[in-house]
Amino acid sequence: MFVVLDVLVVLEAPVAMIGLFWITKESVYVGAEPEGYGRGVRLTPEGLQAVGTGQEGFWSWADVREVTVHDVQVRSSTRWLVNNVMDTVLDMAAGGGEAPPAFELHVRTDEEKAELTVYTAAVGGYVQSEYELSVALLNRFVDGTADVARLLEWGSVEGDGVTPWRAAREALLTSWASA
């Protein structure tokens, strides 16, 4: 027997999660937007900015040679759904309070390599297809064939703080990575 639960999560600011990206009306982050002692990476049309406790720096897209993602929890869509429901039920029963898992974003320029910590925004991990499309989009930012401004525009005009269904998220990622 399956029980379907409708869970409403209220965030302080409207946000949409699309692949590895956390998109608000003003910002785009890889992973979750850092709060408190959190760490993260903000993407701008000009480059990447490390934010949060214990990490700082800015790298322009013109200087970045490579961005790689490490230790991301990725699941098939069916496994993600089952685990997401189970994690939510268990978290509600136990009272929550545990820090989200983290992954790393490595940024390489000609002069340095930075290993940045990013907190996971997706409970139970990211869907494989969205992960792959997100990595492709990050690579397009690095090679200058995609622009973070498109994500910012979507967030301010259409995002409205609502995370679209999976098919729509994949369509957005595909359009951003291929245009």
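Salt bridges, helix α2 and the sheet

Modeller: In this predicted model, Arg108 and Glu66 are joined by a salt bridge between their side chains, 3.3 Å from N to O. The two lie 42 residues apart, Arg108 in strand β9 and Glu66 in strand β7.

Colleague: Why is the contact of Arg108 and Glu66 called a salt bridge?

Modeller: The cut-off is 4 Å between a side-chain nitrogen of Lys or Arg and a carboxyl oxygen of Asp or Glu. The pair is at 3.3 Å, so Arg108 and Glu66 meet the definition.

Colleague: What makes Arg108 and Glu66 partly exposed?

Modeller: Partly exposed covers the range between under 20% and over 50%. Arg108 has a relative accessible area of 33% and Glu66 has 37%, so both count as partly exposed.

Colleague: How many salt bridges does a search of the whole structure find?

Modeller: The search finds 4. One of them pairs Asp110 with Arg65, with the closest N and O atoms 3.2 Å apart. Asp110 is in the loop between β9 and β10, and Arg65 is in strand β7, 45 residues away.

Colleague: Why is Asp110 called exposed, and Arg65 partly exposed?

Modeller: Exposed means over 50%, and Asp110 has 56%, so Asp110 is exposed. Arg65, at 39%, is under that cut-off and above the one for buried, so Arg65 is partly exposed.

Colleague: Is the residue Glu130 buried or exposed, and how do you know?

Modeller: Buried means under 20%. Glu130 has a relative accessible area of 4%, so Glu130 is buried. Glu130 forms a salt bridge with Arg169, the closest N and O atoms being 2.7 Å apart. Because Glu130 is in helix α2 and Arg169 in helix α4, this pair ties together parts 39 residues apart in sequence. Arg169 has 11%, so Arg169 is buried by that cut-off.

Colleague: How do you know that the span of α2 is close to the one expected?

Modeller: Helix α2 has 16 residues and reaches 23 Å from its first C-alpha to its last, against 22 Å expected at 1.5 Å a residue. Gly144 follows α2 and has a positive phi, near 80 degrees.

Colleague: What makes β1 and β6 edge strands?

Modeller: The open sheet has 6 strands in the order β1-β2-β3-β4-β5-β6, with antiparallel pairing. β1 and β6 each have a single partner strand, so one side of each lacks a neighbour in the sheet.

Colleague: What makes β5 and β6 a pair?

Modeller: Pairing needs at least two bridges. β5 and β6 have 4, in the antiparallel sense, so they pair. Gln49, for instance, has Phe58 in β6 as its bridge partner.

Notes. Residues are numbered from 1 along each chain as its sequence is written. This is a predicted model: local features need pLDDT of at least 70, side-chain atom pairs count only at pLDDT 80 or more; totals for chains, interfaces and linings use all residues. Side-chain values use heavy atoms; hydrogens and water are left out. The expected span of a helix is 1.5 Å times one less than its number of residues. Buried means under 20% relative accessible area, exposed over 50%, partly exposed in between (1.4 Å probe, protein chains only).
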